[in-house]
Amino acid sequence: MTTSMTAGDSLATSQRSLGDPEVRHPLWPPLVAGCPTTSTDTIAHPLEVDYAYDKASPALFTGAGSHTGAGRAAGHDRWAPLLPPLPAPGLGEGGTPLIDIGDGIFIKDESRNPTWSHKDRLNRVTASAAVGVGASGIVVASSGNHGASAAAYAARAGLRCVVLASADMPPAVASFLNAYGAVVLPVPAADRWPLMRLITDRTGLHPVSNLAVTHTGHPFGAEGYKTVAYEIFADLGVPSAVFVPTGYGELLFGVWKGFTELHRLGLAESVPRIHACEPALGGPLHAALRQGVPATRVDVGESDAYGIDCAVGSIRGVLAVRGSGGSALLVSDEQMRAAQAELAGHGLWAELSAAAGLAGLRSAGQGVEREGPVVCISTSSGFKDRGVGASPELAAPVDPSWDEVSRRLRAAGIRD
């Protein structure tokens with residue numbers, strides 16, 4: 001394969017419907033409400049970006065890994081040919097470490113991104129889309145990582161950012177939003193998406209959250225998640241499986257698409273099985289696969305894994321699981337807490353939602369084949385959980401006398 005383009009040029013050519021791959025639309029503008037040709041009143045079909053793969057050079061992946069070599073661009077610019085155009089400046093997103101925790105299990109630690117979550121990979125691309133269409137800013141419906149990340153990339157690009165959030169958002173997320181100067185509007189959850197449509201129509205702000213009856217998300221956004229697969233491949237090769245914390249399925253789809261591209265380019269011999277890990281008190285992807293439908297809506301119970309506790313799914317997740325021969329796994333809050341504690345034992349502080357990948361692997365046990373190493377994606381920092389800072393015993397002063405200190409050490413199993 002040869003390329004007639006420079007490393008900084010995007011090879012993106014069009015938007016393609018995931019409902020019917022034969023249906024294509026021009027690359028611009030991004031169709032943020034789903035495919036207007038194949039979507040129906042009950043199912044909205046997302047779009048993916050297609051590329052001139054025959055012009056992509058395999059040298060793009062030579063010596064990549066988690067570390068930026070001499071002369072290599074940082075962040076998404078490293079992968080620009082296989083991403084949508086990136087006119088918005090980056091923050092060094094990506095390049096996160098792959099941590100070996102033993103027994104052939106590796107953790108892809110996405111908390112090392114600029115705003116401490118995987119969402120930075122998406123928002124570099126969506127902020128670029130806003131710049132590309134000449135919008136003055138973006139609007140997002142989120143009370144978590146997505147909102148914090150969107151605000152950061154908007155600030156970096158000189159764009160305004162409006163965040164439709166909830167009043168009980170985690171303290172860390174509120175701090176991020178305030179620091180970046182976002183306009184934060186805490187409103188009831190049911191009102192966020194209608195308000196986002198109204199703000200988009202009235203102000204011209206570019207939406208970077210879902211606008212459709214079933215989840216579509218931004219057509220450019222999931223492309224940013226492909227870089228997770230590129231990095232795993234460069235560091236480890238093709239694992240036997242990847243376990244992904246799953247809400248709407250955008251990360252799941254991006255990881256799968258990244259590996260399919262590597263296979264298409266003749267670099268990877270196979271594509272790993274992709275396993276979605278959803279909260280047991282919801283699980284729209286699990287339900288869609290069970291029912292044999294492209295996407296569905298479910299009732300959601302109370303879960304502390306607020307980042308992936310979604311009522312509606314997307315055809316993206318169905319395609320990724322079926323296309324890779326993977327599965328959709330349901331994990332309880334207790335299983336996620338056990339996985340969170342296990343990660344902490346390896347020095348990794350993960351948000352509860354972020355621990356769903358390892359929880360899925362542990363809960364599956366012998367039910368998931370493992371011919372080789374597996375990767376569990378940990379999506380964000382434990383600092384993003386709602387309960388952070390609510391442990392008063394940590395701040396209580398301790399009598400510095402040796403008797404008291406010795407007593408506490410012995411209670412912790414440390415002997416003098």
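**Fold, cores and selected local features**

W116 sits in the loop that joins β5 to α1 (119–132); helices here are DSSP runs of H or I of at least four residues, strands are DSSP runs of E of at least two, and both are numbered from the N terminus. The phi angle of W116 is near 70 degrees, a positive value in a residue other than glycine. W116 counts as partly exposed because its relative accessibility is 34%; buried stands for under 20% relative accessible area, exposed for over 50%, and partly exposed for what lies in between, with a 1.4 Å probe and protein chains only. The model is a predicted one, in which local features need pLDDT of at least 70 and side-chain atom pairs count only at pLDDT 80 or more, while totals for chains, interfaces and linings use all residues. Residues are numbered from 1 along each chain as its sequence is written, and side-chain values use heavy atoms, with hydrogens and water left out.

The protein contains 11 helices and 13 strands. Its C-alpha trace extends over about 75 × 50 × 50 Å along the principal axes. The radius of gyration is 21 Å, which agrees with the value near 22 Å for a compact globule of 416 residues; this radius is taken over C-alpha atoms, and the globule rule is 2.2 Å times the number of residues to the power 0.38. Of the 416 residues, 56% are buried. Among contacts with a separation of 6 or more, 71% join residues 24 or more positions apart, contact being defined as heavy atoms within 4.5 Å.

The exposed surface of the protein comes to about 16700 Å², of which carbon and sulfur atoms supply 53%. Accessible areas come from the Shrake-Rupley method with a 1.4 Å probe, and for residues only the protein chains shown count as cover. There are 32 positive and 40 negative charges, and their mean positions are 3 Å apart. Lys and Arg count as positive and Asp and Glu as negative, with His and the chain ends not counted; each charge is placed at NZ of Lys, CZ of Arg, CG of Asp or CD of Glu.

The largest nonpolar core has 50 residues, and the members that touch the most others are F61, L82, V242, L252, V255 and F259. Such a core is a set of buried Ala, Val, Leu, Ile, Met, Phe, Trp, Tyr and Cys residues joined through side-chain atoms within 4.5 Å. Helix α6 (residues 250–264) gives the largest share of this core, 7 residues. Residues up to four places away in sequence aside, V255 touches Y225, V228, A229, V242, I274 and I377. A second core, separate from the largest one, holds 26 residues, including I107, A339, L348 and C376.

Helix α10 (residues 356–364) is largely enclosed by the rest of the structure, because 7 of its 9 residues are buried. The buried residues in α10 are A356, G357, L358, A359, G360, L361 and A364. G365 follows α10 and has a positive phi, near 55 degrees. G357 and G282 are 75 residues apart in sequence, and their C-alpha atoms are 16 Å apart in space. G282 itself belongs to the loop between β11 (273–279) and α7 (284–291). With a relative accessibility of 17%, G282 counts as buried. Apart from neighbours within four places in sequence, G282 contacts V298, D299 and V300.

T200 lies in helix α4 (residues 189–203) and counts as buried, at 17% relative accessibility. Beyond its neighbours within four places in sequence, T200 is in contact with V139, L205 and P207.

Further backbone features occur in loops. The peptide bond from W28 to P29 is cis, with omega near -5 degrees, and P29 is located in the loop between β2 (24–26) and β3 (47–51). D103, in the loop between β4 (98–102) and β5 (105–109), has a positive phi of about 60 degrees although it is not a glycine. D103 counts as exposed, with 62% relative accessibility.

D399 is placed in the loop between β13 (374–378) and α11 (402–411). Its relative accessible area of 44% makes D399 partly exposed. When residues up to four places away in sequence are not counted, D399 touches E404 and V405.
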